[in-house]
Amino acid sequence: MKPVITAFRDSPDRGQGLARDMAVRWAFEEVGAPYDVRLVTFAELKEPAHRALQPFGQIPTYEDSETALFESGAIVLRIAERHAGLLPAEASARARVIMWMFAALSTVEPPIVEHDAACLVESEESWFAARQPLLRARIRHRLGDLSLRLGDADWLEGTFSAGDLMMVAVLRRLHGSGLLEEHPNLVTYVARGEARPAFKRAFDGQYAVFIAASSAGG
Ligand code: GTB
């Protein structure tokens with residue numbers, strides 16, 4: 001059985017590859033493993049059949065012949081563990097790559113999500129503008145530290161890994177914010193990730209869904 005993942009039938013990101021199926025698609029493309037995508041509507045996400053796979057009613061999910069998973073980080077790790085290319089074989093090096101996956105999702109991403117959520121749901125509030133500098137400062141703080149650590153290296157742990165995949169996927173959410181541009185090495189880091197043929201295939205896959213949804217919607 002080819003693994004099956006779920007993605008939005010009509011993603012709010014309008015095909016920019018910002019929804020969390022993107023990292024999963026990218027991981028499959030990096031390791032050259034085939035997969036199927038099952039598209040779901042927002043309504044379907046909240047139905048019992050989907051919640052049996054994803055208790056929080058979200059995408060992405062993942063099913064293979066042995067197990068079913070949710071959480072994009074866990075799914076990328078599963079793909080990386082089953083196929084060569086995204087995790088080093090040596091145990092300590094492997095642990096360091098997994099550490100960077102966690103860093104991307106639990107240290108770098110939260111202030112970015114907080115900022116996105118504020119822009120999405122709080123923009124009409126009287127205190128919206130006053131809170132922006134604080135939210136942006138929290139992101140800046142993480143970017144400054146990440147930039148220092150990356151320095152002039154191409155990737156976080158020598159060669160491209162699942163850690164870079166998750167980190168670049170997270171940093172892409174800052175496109176258009178002006179924050180990434182404060183660190184030229186992070187701009188080139190993200191561009192290096194986006195230039196990978198596997199990234200492009202994954203991006204094109206999700207973009208095709210957006211085009212199909214747009215055509216269907218007239
Ligand atoms: N921690 C989970 C994971 O990593 O898998 C989070 C999954 C998640 O947030 N899924 C979102 C979802 O299903 C889609 S990706 N939301 C529906 C719901 O909760 O009802 C988050 C996302 C959505 C849209 C954009 N965008 O438009 O730019 C970016 C990111």
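**A ligand and its surroundings**

Me: How do you know where the ligand sits?

Reply: The ligand sits in the largest pocket, and "sits" means that more than half of its atoms lie within 2 Å of the pocket's grid points. This is a predicted model, in which local features need pLDDT of at least 70 and side-chain atom pairs count only at pLDDT 80 or more, while totals for chains, interfaces and linings use all residues. Residues are numbered from 1 along each chain as its sequence is written, and side-chain values use heavy atoms, with hydrogens and water left out.

Me: Which residues come nearest to the ligand, and what kinds of residue make up the shell?

Reply: Of the 15 residues around the ligand, Arg20, Lys46, Ile59, Glu71 and Ser72 come nearest, a residue being near if one of its heavy atoms lies within 4 Å. The shell divides into 7 nonpolar, 3 polar and 5 charged residues.

Me: Why is the pairing of Lys46 with the ligand called a polar contact?

Reply: An N or O atom in the side chain of Lys46 is 2.6 Å from an oxygen atom of the ligand, and this is a polar contact because a pair of N or O atoms has to be within 3.5 Å. Backbone N or O atoms take part as well, with Ile59 at 2.8 Å from a ligand nitrogen atom and Asp13 at 3.2 Å from a ligand oxygen atom. The protein covers 76% of the 680 Å² of accessible area that the ligand has on its own (Shrake-Rupley method, 1.4 Å probe).

Me: What makes Glu29 and Arg201 a salt bridge?

Reply: Their side chains meet at 2.9 Å, N to O, and the pair therefore qualifies, since a side-chain nitrogen of Lys or Arg must lie within 4 Å of a carboxyl oxygen of Asp or Glu. The pair links distant parts of the chain, with Glu29 in helix α1 (residues 21-31) and Arg201 in helix α9 (residues 197-216), 172 residues apart.

Me: What is the peptide bond between Ile59 and Pro60 called?

Reply: It is a cis peptide bond, with omega about 0°.

Methods. Polar contact = N/O pair within 3.5 Å; in protein donor to acceptor, adjacent residues only side chain to side chain. 1 Å grid on protein atoms, 1.4 Å probe; cavity = no way out; pocket = protein on both sides within 12 Å on 5 of 7 lines; lining within 4 Å. Nonpolar A, V, L, I, M, F, W, Y, C, P; charged D, E, K, R; others polar. Helix = DSSP H or I, 4+ residues; strand = E, 2+ residues; numbered from the N terminus.
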